[in-house]
Amino acid sequence: QTLEDLEILVVDDGSTDGSTEIVREFSERYPERLKAYFKDNAGQASARNYALQYAKGEYIGFVDSDDWVDSSMYEVMLAFAQKEMLDIVVCNLDDHFSNGKVIAYDTNHAKNKFMQTPSACNKLFSKNLIGNQTFMDGIWYEDFNFTTKLLMKTECIGYCAEFFYHCHSRTVSTMNNHNSPKNLDIIVAVDDILDFARRNFLYDKYEKDIEYIVLEHVLITTINRVARQKHP
């Protein structure tokens, strides 16, 4: 990254593919810049929550292990956040498939803040906004749950036109699967968002948006994903 004042936290969540040696090598070469943590495998949410407790930065971003970002991503987004005093900065992203196909997602033209990809990875969050919030452990759609609750907490959100974040879309990824029971985790994630809105007296403010969230993420996206699956 071109941003020099950058803290990189790498959590090795029980990898078995040789990643551990690579992580150790880089942490030894750049001890002031890269902090390495090693733990038993417990999933993506557990790894992110583990890192959050050690993060010291004013802003926090997330990068999945098989994705990549442009070298100027965090310098540009941080400068934007600090200049405009933003709680969240969102950049555009694209999916790269093994057949060479690329699908781009333009976040700048969403009609409201909930009509965008719920990924946590194309965003920069103020650490103060995150507070003690964590990712729901043990379920799918933890990104959607985490991001939606943070979007509810603030209107100080800015958008970058650049396609900084690049997703490696694999046929075995969480969103390309044939696991119907785990897809139903979306209901758990939505129920938790509803509880969050009620606890924080945000339900009335976002009632129509919550209706959209249920329709889009439960009744359209997830049900269609399950319907396309091949079953024995």
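The following exchange examines how several labels applied to this predicted model are justified.

User: What makes M85 count as exposed?

Analyst: The relative accessibility of M85 is 67%. Exposed means over 50%, and M85 therefore counts as exposed. This residue lies in the loop between α3 and β5.

User: What is the sign of phi at M85, and what kind of residue is it not?

Analyst: The phi of M85 is positive, at about 55°, although M85 is not a glycine. M85 follows helix α3.

User: Why is Y141 called buried?

Analyst: Y141 has a relative accessible area of 10%. The cut-off for buried is under 20%, so Y141 is buried. Its phi is also positive, about 65°, and Y141 is not a glycine. Y141 sits in the loop between α4 (127–130) and α5 (142–153).

User: How do you know that the span of helix α3 is close to the expected one?

Analyst: Helix α3 covers residues 73–84, which is twelve residues, and it reaches 17 Å from its first C-alpha to its last. The expected value at 1.5 Å a residue is 16 Å, and the span of α3 is close to that.

User: Which residues of α3 are buried, and what puts them on the same side of the helix?

Analyst: M73, Y74, M77, L78 and A81 are the buried residues of α3. They cover an arc of only 105° around the axis, and therefore lie on the same side of α3. In general, an α-helix has 3.6 residues a turn, so residues three or four places apart point the same way.

User: Against which elements do the buried residues of α3 pack?

Analyst: They pack against five strands: β3 (59–61), β4 (68–69), β5 (88–97), β7 (123–126) and β8 (157–169).

User: Why is α5 described as largely enclosed by the rest of the structure?

Analyst: Of the twelve residues of α5, eleven are buried, so the helix is largely enclosed by the rest of the structure. Among these buried residues are E142, D143, F144 and K149. The helix reaches 17 Å from its first C-alpha to its last, close to the 16 Å expected at 1.5 Å a residue.

User: What makes D192 and K149 a salt bridge?

Analyst: The closest N and O atoms of D192 and K149 are 2.8 Å apart. A salt bridge requires a side-chain nitrogen of Lys or Arg within 4 Å of a carboxyl oxygen of Asp or Glu, so this pair qualifies as a salt bridge. The pair links distant parts of the chain, with D192 in helix α7 (residues 185–199) and K149 in helix α5, 43 residues apart.

User: Are the partners D192 and K149 buried or exposed?

Analyst: D192 has a relative accessible area of 19%, and is buried. K149, at 7% relative accessibility, also counts as buried.

User: How do you know that E155 and K205 form a salt bridge, and which parts of the chain does the pair link?

Analyst: Their closest N and O atoms are 3.4 Å apart, and the limit is 4 Å; the pair therefore counts as a salt bridge. E155 is in the loop between α5 and β8, while K205 is in the loop between α7 and α8 (207–227), 50 residues apart. Both E155 and K205 are exposed.

User: Why is K182 called partly exposed, while its salt-bridge partner D185 counts as buried?

Analyst: The relative accessible area of K182 is 24%. Partly exposed covers values between 20% and 50%, so K182 is partly exposed. D185 is at 10% relative accessibility and therefore counts as buried. The closest N and O atoms of this pair are 2.7 Å apart. Elsewhere, salt bridges that share partners join R48, D64 and D143 into one network. The structure holds ten salt bridges.

User: How many cavities of 30 Å³ or more are there, and which residues line the largest cavity?

Analyst: The count comes to one cavity of 30 Å³ or more. The largest cavity has a volume of about 60 Å³. Its lining consists of F114, Q116, T117, P118, F144, T147, T148, L151, I213 and H217. The elements that give two or more residues to this lining are α5 and α8, and the largest share, four residues, comes from α5.

User: What makes K56 exposed?

Analyst: K56 has a relative accessible area of 71%. Exposed means over 50%, so K56 is exposed. K56 is found in the loop between α2 (44–52) and β3. Leaving aside neighbours within four places in sequence, K56 is in contact with E7 and K127.

How values were computed: Residues numbered from 1 in each chain as written. Predicted model: local features only at pLDDT ≥ 70, side-chain atom pairs only at ≥ 80, totals over all residues. Heavy atoms only, no water. Expected span 1.5 Å × (residues − 1). Buried < 20%, exposed > 50% of the residue type's maximum accessible area, 1.4 Å probe, protein only. Arc of directions from axis to C-beta. Contact = heavy atoms within 4.5 Å. 1 Å grid on protein atoms, 1.4 Å probe; cavity = no way out; pocket = protein on both sides within 12 Å on 5 of 7 lines; lining within 4 Å. Points joined across faces, edges and corners; volume = space filled by probe spheres on them.
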